[in-house]
Amino acid sequence: MSIINRMQKPPNLLDMIKALISTPSVSSVNPALDQGNLSVISLLANWLSGLGWQTEILPIENHPDKANLIATLGSGPGGLVLAGHTDTVPWDEGRWNHDPFKLTQADGRLYGLGTADMKAFLALAIEAACQFSPAQFREPLILVATADEETSMSGARALVAAKRPQARYAIIGEPTGLRPVRMHKGILMESIHLRGRSGHSSDPALGNSALEGMHTVLDTLTSWRRQLQAENINKLFRIPVPTLNLGHIHGGDNPNRICADCELHIDLRPLPGMELAELREILHARVTGALEDSGLEISFKALAEGTPAMDTPASSEIVRCTEALTGYSAAAVAFGTEAPYFNQMGINTVVLGPGDIDQAHQPDEFLDEARIKPTLELLRELIQRFCVNPPDQTG
Ligand SMILES: [Zn+2]
């Protein structure tokens, strides 16, 4: 077969997954490990434009080696988004039995970094769409491939800033074992730094202890946590209350010196309905109030931009439809996704994908081959339902 012939034919599903897995796209907060995702984006864009999709690569500000892809089949308003992130987490050198960057078929499984979380989903979405022609669509099918989900969510944030895509519904194929998910908690990580004055330990008047000030902060935070957990309960979650973890503390240097500096890092996981900005304001006000007369200098720093909670209404058509097709009622999960950003754009979103979260971020990550057929069937049903015969929005 000549190269030209091969280019005209869509690559088969397994070849697409193979190519995606063997194109490294690790994202990491450690710059030494961070790889960018442009090669995955261009693979996808080439396949999709060869298949007649309109493709658009959207660069991400301050990340020259990263981009999002929006590909559209059909046209007009509304439509269904099938979305996935193109980046993976780093891998544990020496702990894999299979090459993380080579798709290995064994034991009825597809092994490789990104098989479950979640490059394979993008190939499955393309394969599912191959059965349709844009002439059949009353509303478009949109494939969105993002950057940096595993770290800063800069890809999803860039989409929100550009107000792209515009659509009615979205499926994000994160590993949920083919069960629909409509809720997850948010994430807020904050540093609290107290600065006092050092001095000889023998005379407390010589200094101002940041460490003792932090003791007051810890009390303030644990009582705030009690209040948050009494006032906010959502039984859909396995841990039905917001959590506040005191994760890191460092202060002082020597027993005979008054401690001048003390820093605490906390992780707060709010339930849907609890706004990050508001929580941050309350946190600052409580800590500042508790230390009002202490003479200590207080500074706060967000350790990450934070991810909002996901909350897609149970009554949304995409929730009902995925529940009916899978036979499971939409659940709440413990991990964060890009879904709240799609919801912010007015796109009702369900997280639903073929991998299992237990295999994500693990050595020997795999996708069960038995999931492939039901995933393709499910995606085809969804495309049929939301692009070929979309629900009447006027009634
Ligand atoms: Zn993921």
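Strands count as paired here when DSSP finds at least two bridges between them. With that in hand, welcome to this predicted model, which we can explore sheet by sheet and helix by helix.

## The four-stranded sheet

A good place to begin is an open sheet built from 4 strands in the order 10-11-9-12, with antiparallel pairing. Its edges are taken by strand 10 (243-251) and strand 12, each of which has a single partner strand, so one side of each is left without a neighbour in the sheet. On average, neighbouring strands are turned by 20° against each other, direction ignored.

Let's look at how strand 9 is held on its two sides. Strand 9 (residues 188-195) pairs with strand 11 (residues 261-269) through 8 bridges, in the antiparallel sense. Along this pairing, Leu194 faces Cys262 of strand 11. Strand 9 also pairs with strand 12 (residues 297-302), again in the antiparallel sense, over 6 bridges. Here Ile192 has Phe300 of strand 12 as its bridge partner, and Glu190 stands opposite Ala302 in that strand.

## Two helices on the sheet

Helix 6 (residues 210-231) packs on this sheet, where it touches strand 9, strand 10 and strand 11. The direction of helix 6 makes about 10° with that of strand 11. Helix 7 (residues 276-290) packs on the sheet too, touching strand 9, strand 11 and strand 12. For helix 7, the angle is about 20° with the direction of strand 9.

How do helix 6 and helix 7 cross? Their axes come within 9 Å, and the crossing angle is roughly 140°. That makes helix 6 oblique to helix 7, since only angles over 145 degrees count as roughly antiparallel. The crossing of helix 6 and helix 7 is right-handed. On the helix 6 side, the contact is made by Thr216, Val217, Thr220, Leu221, Trp224, Gln227 and Leu228. Helix 7 brings Leu279, Ile282, Leu283, Arg286, Val287 and Ala290. Sorted by class, the contact of helix 6 with helix 7 has 9 nonpolar, 3 polar and 1 charged residues.

## Helix 4 and its partners

Now to helix 4 (residues 119-129), whose axis comes within 9 Å of that of helix 10 (residues 372-388), with a crossing of roughly 55°. Helix 4 and helix 10 are therefore oblique to each other, and helix 4 passes helix 10 in a right-handed crossing. From helix 4, the residues in this contact are Phe121, Leu124, Ala125, Glu127, Ala128 and Ala129. They meet Ile372, Thr375, Leu376, Leu379, Arg380 and Ile383 in helix 10. By class, the contact of helix 4 with helix 10 has 9 nonpolar, 1 polar and 2 charged residues.

Helix 4 also packs with helix 2 (residues 13-21), at an angle of about 150° and with the axes 9 Å apart. Helix 2 and helix 4 are therefore roughly antiparallel to each other, and their crossing is right-handed. Helix 2 offers Leu13, Met16, Ile17, Leu20 and Ile21, which meet Lys119, Ala120, Ala123, Leu124, Ile126 and Glu127 in helix 4. This contact of helix 2 with helix 4 has 9 nonpolar, no polar and 2 charged residues. Leu124 and Glu127 of helix 4 appear in the contact with helix 10 and in the contact with helix 2.

## The three-stranded sheet

Another open sheet has 3 strands in the order 4-5-16, with antiparallel pairing. Strand 4 (104-106) and strand 16 (366-368) are the edge strands, each pairing on one side only. From one strand to the next, the twist averages 25°. Strand 4 is joined by 3 bridges to strand 5 (residues 109-111), and the two run antiparallel. In this pairing, Ala106 has Arg109 of strand 5 as its bridge partner.

## The zinc site

Which residues are the protein donors of the zinc ion? They are His85 (NE2), Asp117 (OD) and Glu174 (OE), lying 1.8 to 2.1 Å from the ion. Along the sequence, the donor residues are spaced H-x31-D-x56-E. His85 lies in strand 3 (residues 80-85), while Glu174 sits in the loop between strand 7 (169-172) and strand 8 (181-184), so the pair ties together parts that are 89 residues apart in sequence.

How values were computed. Residues are numbered from 1 along each chain as its sequence is written. This is a predicted model: local features need pLDDT of at least 70, side-chain atom pairs count only at pLDDT 80 or more; totals for chains, interfaces and linings use all residues. Side-chain values use heavy atoms; hydrogens and water are left out. Axes are lines fitted to C-alpha atoms, for helices over the stretch in contact, and angles run from 0 to 180 degrees between N-to-C directions. Angles under 35 degrees count as roughly parallel, over 145 as roughly antiparallel, 65 to 115 as roughly perpendicular and the rest as oblique. A crossing is left-handed if the near helix is turned anticlockwise from the far one by less than a right angle, and right-handed if clockwise. Contact means heavy atoms within 4.5 Å. Ala, Val, Leu, Ile, Met, Phe, Trp, Tyr, Cys and Pro count as nonpolar, Asp, Glu, Lys and Arg as charged, and the others, Gly among them, as polar. Donors are N, O and S atoms within 2.8 Å of the metal (3.2 Å for Na, K and Ca); water is not among the atoms, so sites may look incomplete.
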